[in-house]
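Visitor: I have a model on my screen and some terms to check. Can you take me through them one by one?
Guide: Gladly. Load it and ask away.

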Amino acid sequence: MTEKGFTIDFGSSEPTTTPVAAPAANVAATTSHSKLMIFGSGPAGLTAAIYAARAQLAPTLLAGYEPGGQLMLTSEVENFPGFPEGINGPDLMAKMITQAERFGTVIVNQDVERVDLSKRPFRAWSAGREFTADAVVIATGASAIWLGLESETRLRGRGVSSCATCDGFFFKGEEVAVVGGGDTALEEALFLTRFATKVHLLVRRDTFRGSKIMVARAQAHEKIEIHFNREVVEVIGEKKTEALKLKDTVSGATEQLAVGGLFVAIGHKPNTELLGGALPVDAAGYLQVKEHSSASAIDGVFIAGDVHDHRYRQAVTAAGDGCRAALDAERWLAEHAV
Ligand SMILES: Cc1cc2nc3c(=O)[nH]c(=O)nc-3n(C[C@H](O)[C@H](O)[C@H](O)COP(=O)(O)OP(=O)(O)OC[C@H]3O[C@@H](n4cnc5c(N)ncnc54)[C@H](O)[C@@H]3O)c2cc1C
């Protein structure tokens with residue numbers, strides 16, 4: 001039964017090519033209980049749904065505010081296996097949605113607002129509705145923290161990125177900039193030296209927050225130029241990034257820096273508010289899993305993707321995680337005869 005069409009919400013950024021319309025979502029309006037509910041519709045949640053649905057668990061997937069997840073914000077994905085020519089991010093996610101629905105996943109385009117994981121069946125509330133399930137997979141991802149500039153949002157996917165591993169390849173032979181002073185920014189800058197002719201590392205303060213070894217590597221690299229006390233106040237360009245307007249945070253003076261790409265590496269925020277502290281997180285706020293599994297601290301609750309993984313943060317690792325979580329959930333349900 002179809003509840004409403006699957007909405008593709010690009011937020012305020014746009015992909016550079018037109019996405020295909022995603023298939024309609026469906027929901028069994030009278031049934032709020034399922035064996036398994038999955039929170040999140042990125043590669044982790046949808047892969048968990050494909051596996052669980054093929055195992056006859058008829059999962060309910062609450063897709064959240066960003067149906068399709070982070071890849072809806074990008075145009076070309078060239079490192080997801082099986083697509084030698086590359087694939088547009090929204091097209092890849094539309095295929096995953098179709099695949100999950102084909103085997104009986106019920107997709108609900110709503111955010112989970114709060115949960116009760118203290119007893120079984122587990123409960124989740126969303127837009128005035130209650131959903132219950134015997135097991136849960138949490139795959140709510142992590143959102144990049146952006147600078148908050150209008151021009152940055154407008155040029156996202158057009159030179160502005162938050163992922164050097166994903167997009168660095170597109171900047172071969174160009175000068176690029178990385179914003180940030182921590183290990184992630186240093187790592188991104190070093191990675192980008194493989195493609196860019198020069199990497200400008202823009203640090204807001206007069207010192208790095210990153211580890212000594214990473215700082216030393218960046219300082220020693222001939223392609224990296226470090227600019228302390230610099231803040232990006234505007235990304236310049238109509239259809240693509242052409243330059244940055246920088247402000248000296250000490251003198252207030254402004255200058256223009258010609259670059260074809262801007263990588264914002266000031267952190268990610270794992271999406272865990274819905275849990276209200278029900279599960280333990282690490283120092284950076286990421287959910288914790290038991291070693292060599294997707295199991296959380298609560299029996300019957302499993303975790304997948306970027307919401308716990310701040311090391312790899314890739315579509316294929318998130319998908320692999322989704323597979324693990326579904327298999328773990330399936331075995332757990334069988335062992336507990338529910
Ligand atoms: C611009 C960009 C380009 C990228 N390019 C590549 C690339 O080329 N190759 C690659 O491998 N990786 C790429 N990545 C990284 C990749 O997108 C992520 O690693 C991957 O999407 C993580 O998958 P996930 O399922 O864990 O989470 P996400 O994709 O972040 O999905 C999280 C999901 O959780 C949902 N959600 C959040 N809160 C709630 C809630 N309260 N209730 C219900 N649902 C909720 C959201 O709606 C979303 O559907 C890119 C990322 C970005 C930002």
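Visitor: Which domains does the shell around the ligand draw residues from?
Guide: This is a predicted model. The shell around the ligand takes at least three residues from domain 1 (33-143 + 268-335) and at least three from domain 2 (146-264).

Visitor: Which residues come nearest to the ligand?
Guide: Gly42, Gly64, Gly69, Gly141 and Gly305, out of 40 residues around the ligand. By class, the shell holds 20 nonpolar, 16 polar and 4 charged residues. Helices α1 (43-54) and α7 (315-335) each supply at least two of the shell residues.

Visitor: How do you know where domain 1 and domain 2 begin and end?
Guide: The bounds come from the domain assignment of the protein chain. Domain 1 is given as 33-143 + 268-335, and domain 2 as 146-264. Their C-alpha centres lie 31 Å apart.

Visitor: How many residues of domain 1 are in contact with domain 2?
Guide: 5 residues of domain 1 are in contact with 5 residues of domain 2. On the domain 1 side, the classes are 1 nonpolar, 3 polar and 1 charged.

Visitor: Why does Lys240 count as partly exposed?
Guide: Count the neighbours. Lys240 has 13 C-beta neighbours inside 10 Å. A buried residue needs 20 or more, and an exposed one has 12 or fewer. The value of 13 falls in between, so Lys240 is partly exposed.

Visitor: Where is Lys240 found, and what is it in contact with?
Guide: Lys240 sits in the loop between β14 (230-236) and β15 (243-248). Leaving aside neighbours within four places in sequence, Lys240 is in contact with Leu155, Arg158 and Gly159. Its C-alpha atom is separated from that of Asp134 by 48 Å, and the two residues are 106 apart along the chain.

Visitor: What makes β10 and β13 edge strands?
Guide: Each pairs on one side only. The open sheet has 5 strands in the order β10-β17-β11-β12-β13, with parallel pairing.

Visitor: How do you know that β17 pairs with β10 and with β11?
Guide: Count the bridges. Pairing needs at least two. Strand β10 (residues 160-161) is joined to β17 by 2 bridges, so that pair meets the cut-off. Strand β11 (residues 175-179) is joined to β17 by 4 bridges, so that pair qualifies too. Phe263 in β17 is the bridge partner of Ser161, and Leu262 in β17 stands opposite Ala177.

Visitor: Which way do the residues of β17 point, and are they buried or exposed?
Guide: In β17 (residues 261-264), Gly261 and Phe263 point one way. Leu262 and Val264 point the other way. All are buried.

Visitor: What covers the buried residues of α5?
Guide: The cover includes α4 (164-167), β11, β12 (198-202), α6 (212-220), β13 (224-227) and β17. The buried residues of α5 (residues 183-192) are Thr184, Ala185, Leu186, Glu188, Ala189 and Leu192.

Visitor: Which residues have the most contacts inside the largest nonpolar core?
Guide: Ala48, Val136 and Val137, in a core of 59 residues. Helix α1 gives the largest share of this core, 8 residues. Another core, of 29 residues, lies apart from it, and Val179, Phe208, Val235 and Leu262 are among its members.

Visitor: What does Ala48 touch?
Guide: Not counting residues up to four places away in sequence, Ala48 touches Ile38, Val137, Ala139, Ala304, Gly322, Ala325 and Ala326.

Key. Residues are numbered from 1 along each chain as its sequence is written. This is a predicted model: local features need pLDDT of at least 70, side-chain atom pairs count only at pLDDT 80 or more; totals for chains, interfaces and linings use all residues. Domain bounds come from an automatic or database domain assignment. Two residues are in contact if their C-beta atoms, placed from the backbone, lie within 7 Å. Ala, Val, Leu, Ile, Met, Phe, Trp, Tyr, Cys and Pro count as nonpolar, Asp, Glu, Lys and Arg as charged, and the others, Gly among them, as polar. A residue is near a molecule or strand if its C-beta atom, placed from the backbone, lies within 6 Å of it. A nonpolar core is a set of buried Ala, Val, Leu, Ile, Met, Phe, Trp, Tyr and Cys residues joined through C-beta atoms within 7 Å.
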